[in-house]
Amino acid sequence: MKILANDGISESGKIKLEQYGFIVDLTSVAQNQLIDYINENSVSTLLVRSATQVRKDIIDSCPSLKIIGRGGVGMDNIDVEYAKSKGIHVINTPAASSKSVAELVFAHLFGCVRFLHESNRLMPLDGDSKFKELKKSFSAGKELSGKKIGIIGFGRIGQEVAKIALGIGMEVIYHDKYIDKARIDLTFYDNQNVTFNLNSSDLNKVLEVSDFITIHVPASDEYLIDKEEFEIMKDQVGILNLSRGGIINEVELLKSIDSGKISFAGIDTFENEPVPSIKVLMNKSISLTPHIGASTSEAQDRISVELADKINELFN
């Protein structure tokens, strides 16, 4: 059985697949050449991340394909239901990258409340000539402890965000359409454990009272955060999107930053990936990363090993 890991796979996952008896092909095939490559090499399993699109044309044209695997959570780059209707298994790894995404949320958050995203741009330019001015500009930082964080979407990633927030002394409020109650267990390095029982709140309440808002929901055809939602938020709120591009109306975000309604944003996923808006990229109040939420070595190892185990189970 040949497996094409078109967007790559960690060494640990490759080794495990080979131990199971599979042939792993690490060739990165261009989208327009993928059908021919799969057919010429009798590929039975196609592994992708977010780059490769697996649409109806591939599904219809590649009879050897038995499994499509997505390394990560979201599967909006795969025609999942259509693939299943053709008898192809579609698998993903929803839990493997949760910690990595949650930690990146706080990388953005810690950086923004202390202006690291802006000072790291200006210090190389003016640090030697305007040191005192820069010090004054960036001396109005805030602590996260004691502040209220609103989490929209309280699945695995949202709950990992909550764990970190609770651990540093933040109050957590969340909204989720499907999870009314959640038990959050904090386990520390010495095996001490603290439990928090949380209840979902109305979306508008989360928007109204939160000092910081972070979004962790699936892809959508409509904006979750648009002009009306920005207006509901308290003044000087910070907002983060590490879920999917198109969740936030970026035009309205920029307007809200310019008006002072939004103090900062942290963005890892963009409306127009892989060509984000230049106005978003150049805005000094936005902390930017290029869709790397799950991109840690630990997460990639977990993702690859989990995929290997699921593939082996399906073929056996």
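**Figure 1. Ala 265 and the pairing of strands β12 and β13.** Ala 265 stands opposite Ile 286, a residue of strand β13. The view is taken from a predicted model. Strand β13 comprises residues 286-288, and 3 bridges join this strand to β12. The two strands run parallel.

**Figure 2. Strand β12 and its pairing with strand β11.** Strand β12 spans residues 262-267, and 5 of its 6 residues are buried, leaving the strand mostly covered. Strand β11, formed by residues 237-241, pairs with β12 over 5 bridges, in the parallel sense. Within this pairing, Ile 262 of β12 is the bridge partner of Val 237. Between β11 and β12 the chain passes through helix α11, residues 250-259. The resulting β-α-β crossover is right-handed. In a regular strand, side chains alternate between the two faces of the sheet.

**Figure 3. Leu 314 in helix α13.** Helix α13 covers residues 297-315 and includes Leu 314. Is Leu 314 buried, partly exposed or exposed? Leu 314 has a relative accessible area of 37% and is therefore partly exposed, since this class lies between the limits of 20% for buried and 50% for exposed. When residues up to four places away in sequence are not counted, Leu 314 touches Ile 67, His 89 and Ile 91. Ser 285 lies 29 residues from Leu 314 in sequence, and the C-alpha atoms of the two residues are 47 Å apart in space.

**Figure 4. The largest cavity and its lining.** The structure holds 2 cavities of 30 Å³ or more. The largest cavity contains about 80 Å³ of space. Which residues line the largest cavity? The lining is made up of Gly 8, Ile 9, Leu 47, Val 48, Arg 49, Gly 71, Gln 300, Ile 303, Ser 304 and Leu 307. Two or more lining residues come from each of the elements β3 (43-48) and α13. Helix α13 gives the most to this lining, with 4 residues.

**Figure 5. Cysteines Cys 62 and Cys 112.** Cys 62 has a relative accessible area of 1% and is therefore buried. Cys 112 also counts as buried, at 2% relative accessibility. Both values fall under the 20% limit for a buried residue. How many disulfides does the structure contain? The count comes to 0 disulfides, judged by whether cysteine sulfur atoms lie within 2.5 Å of each other. A disulfide is a covalent bond that links the sulfur atoms of two cysteines.

Methods: Residues are numbered from 1 along each chain as its sequence is written. This is a predicted model: local features need pLDDT of at least 70, side-chain atom pairs count only at pLDDT 80 or more; totals for chains, interfaces and linings use all residues. Side-chain values use heavy atoms; hydrogens and water are left out. Buried means under 20% relative accessible area, exposed over 50%, partly exposed in between (1.4 Å probe, protein chains only). Two strands pair if DSSP finds at least two bridges between them. A crossover is right-handed if, with the strands pointing away from the viewer, the path from the first strand over the helix to the second runs clockwise. Contact means heavy atoms within 4.5 Å. On a 1 Å grid over the protein atoms alone, a cavity is a set of points where a 1.4 Å probe fits but cannot get out, and a pocket is an open set with protein on both sides within 12 Å along at least five of seven lines; lining residues have an atom within 4 Å of a point. Grid points are joined across faces, edges and corners, and a volume is the space filled by probe spheres set on the points.
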